[in-house]
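Subject: Structure for your review

Dear colleague,

Please find below the structure that I am handing over to you. My findings follow directly after it, grouped by topic.

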Amino acid sequence: MKRVLYTGAFRLPDGDAAAWRVRGVARLLRSSGAELTFAGWESAGEQATYLMDGDVCHPQGEFRESKLGPFRRLWGFVTRGEKTLDWIRQQPPFQAIVVYNPPALFAWRLLRDCRRSGCRLIVDSTEWYQG
């Protein structure tokens, strides 16, 4: 059974439309025998870890929760995903990581980490801009 992490810009269990898409893809992965772990970017709230459909969820708190000035907002956008990367590096290795709509810098750093560890990276992108 492959250990698969699903992470990115979604709020589980049903905080936004992205969560419903992630849950649908998760059903597909689970049916192929994957052991799923979620690291959504929602806030932890009252519980740091919880179960959803039998899978362990670890909220990462990447989304801002208060109003910020322009510089802090920009800095938060540039560094979005730092908490998740730190958390991933502390976990036992995953065989694959699925990342939903990642910011470019986060995706690049995750790709670099995956190459070093031999983990497969799958990007679930619903937005694609061509210039």
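In this predicted model, helix 3 (residues 82-89) and helix 4 (residues 104-117) have axes that come within 10 Å of each other and cross at roughly 15 degrees. Helix 3 is therefore roughly parallel to helix 4, since an angle counts as roughly parallel when it is under 35 degrees. The crossing of the two helices is right-handed. On the side of helix 3, the contact is made by Glu82, Thr84, Leu85, Ile88 and Arg89. Helix 4 contributes Phe106, Arg109, Leu110, Arg112 and Asp113. By residue class, this contact of helix 3 with helix 4 comprises 5 charged, 4 nonpolar and 1 polar residues.

Leu111 also belongs to helix 4. With a relative accessibility of 31%, Leu111 counts as partly exposed, because that class covers values between 20% and 50%. Leu111 and Arg11 are 100 residues apart along the chain, and their C-alpha atoms are separated by 22 Å.

Gly81 may be considered next. It is placed in the loop between helix 2 (70-79) and helix 3. Is Gly81 buried or exposed? Its relative accessible area is 0%, so Gly81 is buried. Leaving aside residues up to four places away in sequence, Gly81 touches Trp41, Glu62 and Phe106. Of these, Phe106 is also one of the helix 4 residues in the contact with helix 3. The C-alpha atoms of Gly81 and Gly61 are separated by 9.4 Å, with their positions 20 residues apart along the chain.

The cysteines come next. How many disulfides does a search of the whole structure find? The search finds 0. Cys114 is in no disulfide, and the nearest cysteine sulfur, that of Cys119, is 4.0 Å away. Why is there no bond between Cys119 and Cys114? The distance of 4.0 Å between the two sulfur atoms is too far for a bond, because a disulfide requires a pair of cysteine sulfur atoms within 2.5 Å. Both cysteines count as buried: Cys114 has a relative accessible area of 3%, and Cys119 is at 12% relative accessibility.

Several points concern the backbone. A cis peptide bond joins Leu12 and Pro13, with omega at about 0 degrees. Pro13 is found in the loop between strand 1 (3-8) and helix 1 (17-31). Two residues other than glycine have a positive phi. Asp53 has a phi of about 55 degrees and sits in the loop between strand 3 (50-52) and strand 4 (55-57). Asn101 has a phi near 40 degrees and lies in the loop between strand 5 (96-100) and helix 4.

Arg23 connects some of these points. Which residues does Arg23 touch, not counting those up to four places away in sequence? They are Leu12, Pro13, Met52 and Asp53. The contacts of Arg23 thus include both residues joined by the cis peptide bond, and also Asp53, for which the positive phi was noted above. Arg23 itself is placed in helix 1. Its relative accessible area is 15%, so Arg23 is buried, the limit for that class being under 20%. Arg23 and Cys57 are 34 residues apart in sequence, and the distance between their C-alpha atoms is 12 Å.

With kind regards

How values were computed:
Residues are numbered from 1 along each chain as its sequence is written. This is a predicted model: local features need pLDDT of at least 70, side-chain atom pairs count only at pLDDT 80 or more; totals for chains, interfaces and linings use all residues. Side-chain values use heavy atoms; hydrogens and water are left out. Buried means under 20% relative accessible area, exposed over 50%, partly exposed in between (1.4 Å probe, protein chains only). Axes are lines fitted to C-alpha atoms, for helices over the stretch in contact, and angles run from 0 to 180 degrees between N-to-C directions. Angles under 35 degrees count as roughly parallel, over 145 as roughly antiparallel, 65 to 115 as roughly perpendicular and the rest as oblique. A crossing is left-handed if the near helix is turned anticlockwise from the far one by less than a right angle, and right-handed if clockwise. Contact means heavy atoms within 4.5 Å. Ala, Val, Leu, Ile, Met, Phe, Trp, Tyr, Cys and Pro count as nonpolar, Asp, Glu, Lys and Arg as charged, and the others, Gly among them, as polar.
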